[in-house]
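Here is a short tour through a protein model, one neighbourhood at a time. Keep the structure open beside you and look up each residue as it comes along.

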Amino acid sequence: MRKFKNVIITGPTGAIGMALIDCLTSNGINVTAVVNPASKRIDRIKKNDKVSIIKCDLKDIERLPELINEARREGHNITDTYDVFYHFAWMNTFGQGRDDISSQMDNVKYAMLAMDTAKALGVKLFIGAGSQAEYGRCKDALRSDTPTFPENGYGIAKLAAGQFGKIRARQLGMEFIWTRILSIYGPFDGDKTLVHSMISKLKAGEVPETTKGEQIWDFLYSKDAANAFYLIAKNGKNEKTYVIGSGIGRPLREYIEDIRDVVCPEADINFGAIPYSEKQVMHLLADISELKEETGFIPQTDFKEGIKSLLHNDH
């Protein structure tokens, strides 16, 4: 078991990052949140004695030690050495941007520069956030050793960052853990995600149009995902890849019906109005046996309860 007191999180204003800040601080850990200076989401981070905010663009990540020292000189209560570095920051994660080759290659470069920066800050463990997109289409539950065949630039770049990261960590003498994240939902998630868009349409009295919903899917609540990342830092094995999901696979139609039942039980849903895409993923399920055995992670939140909590905390 690792003991750690000070961590850095890049890209902290998304669903996982925000939940992770809450999880870490509630466990007495100090967090330095590295936020894009142009971000409109900085105000999401609540004032907390254990949270410091540093504004730093991803392309300037090598300046982070300098910016941290500046903050300390200005009287901010912030450390200059860290134990764990969580790297979530990534450009072009949705839509056509996923195949923007230039930006995806930059993402890989910035991930490596983040590792160099972590080393300069005394970090002992670097944890990277990969994606199920690294696998492409697969009919089996996803494991760390499942063959990877990414079909878009985003998945290719994530896979490269994880593979290069392992090499770079060895060169730097630092521990390294990679994660592959499935479908996370919760407060502060993107408005265009299935869960949030479905809720918005139902609230507006619209009839949502969807595919037939035959896909087997795996959803995990953001609070549970944050706990997984916390436990990975405590107990995860060096150079391992952990798949992060609930480990429960159900037809997407059932999830959509659950959302309807919570938000607007009398609403209609037009299943089958949208055709499956050419490269539609039809089976997305995490095998979390390694994650459970090696870190102690156990998902806590039932999907319907997660939707209720999300509505209660709706931002």
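## Around threonine 13

Let's start with threonine 13, which you'll find in the loop that runs between strand 1 (6-10) and helix 1 (15-26). Keep in mind that this is a predicted model. Threonine 13 has a relative accessible area of 5%, so it is buried. Its side chain has a polar partner: arginine 41, with 3.2 Å for the contact between the two side chains. If you skip residues up to four places away in sequence, threonine 13 touches Met18, Val35, Ser39, Arg41, Arg44, Ile45 and Phe188.

Strand 1 also has a partner. It pairs with strand 2 in the parallel sense, over 5 bridges. Take threonine 10 as an example: valine 34 in strand 2 is its bridge partner. Strand 2 covers residues 30-35, and because 5 of its 6 residues are buried, it is largely enclosed by the rest of the structure.

## Helix 3

Next up is helix 3, residues 101-120. Does its length fit what you'd expect, or what span should its 20 residues have? At 1.5 Å a residue they should span 28 Å, and the end C-alpha atoms are 29 Å apart, so the two values agree.

Plenty of helix 3 is tucked away: its buried residues include Ser103, Asn107, Tyr110, Ala111, Ala114 and Ala118. It helps to know that an α-helix has 3.6 residues a turn, so residues three or four places apart point the same way. What do the buried residues of helix 3 pack against? They meet helix 2 (64-73), strand 4 (84-87), strand 5, helix 4 and strand 6 (175-181). Just after helix 3 comes glycine 122, with a positive phi of about 80 degrees.

## Glutamate 134

Now hop to the loop between strand 5 (125-131) and helix 4 (153-172), where glutamate 134 lies. Is glutamate 134 buried or exposed? Its relative accessible area is 0%, so it counts as buried. The side chain of glutamate 134 makes a polar contact of 3.1 Å with the side chain of tryptophan 178.

Tryptophan 178 isn't the whole story. Leaving out neighbours within four places in sequence, glutamate 134 is in contact with a list of residues, among them Thr148, Pro150, Lys158, Thr179 and Arg180. Arg180 turns up again in another role: its charged end sits over the ring of tyrosine 135, 5.0 Å from the ring centre.

## Rings in pairs

The aromatic pairs in this model come to 14. In one of them, phenylalanine 85 and phenylalanine 126 have ring centres 5.2 Å apart and planes at 15 degrees, so this pair is stacked. The two are 41 residues apart, with phenylalanine 85 in strand 4 and phenylalanine 126 in strand 5, so to speak linking distant parts of the chain. Phenylalanine 85 is buried at a relative accessible area of 0%, and phenylalanine 126 is buried at 2%.

Phenylalanine 219 and tyrosine 255 make an edge-to-face pair, 4.8 Å from centre to centre and with 75 degrees between the planes. Phenylalanine 219 belongs to strand 10 (residues 219-221) and tyrosine 255 to helix 7 (residues 252-263), so the pair ties together parts 36 residues apart in sequence. Both phenylalanine 219 and tyrosine 255 are buried. They also join Tyr185, Tyr221 and Phe303 in one aromatic cluster. On top of that, the charged end of arginine 250 sits over the ring of tyrosine 255, 4.6 Å from its centre.

Terms used: Residues are numbered from 1 along each chain as its sequence is written. This is a predicted model: local features need pLDDT of at least 70, side-chain atom pairs count only at pLDDT 80 or more; totals for chains, interfaces and linings use all residues. Side-chain values use heavy atoms; hydrogens and water are left out. Helices (H or I, at least four residues) and strands (E, at least two) are DSSP runs, numbered from the N terminus. Buried means under 20% relative accessible area, exposed over 50%, partly exposed in between (1.4 Å probe, protein chains only). A polar contact is a pair of N or O atoms within 3.5 Å; within protein, one must be able to donate a hydrogen and the other to accept it, and residues adjacent in sequence count only if both atoms are side-chain atoms. Contact means heavy atoms within 4.5 Å. The expected span of a helix is 1.5 Å times one less than its number of residues. Rings of Phe, Tyr and Trp (its six-membered ring) pair if their centres lie within 6.5 Å; planes under 30 degrees apart count as stacked, over 60 as edge-to-face and the rest as tilted. A charge sits over a ring if NZ of Lys or CZ of Arg is within 6 Å of the ring centre and within 35 degrees of the ring normal. Two strands pair if DSSP finds at least two bridges between them.
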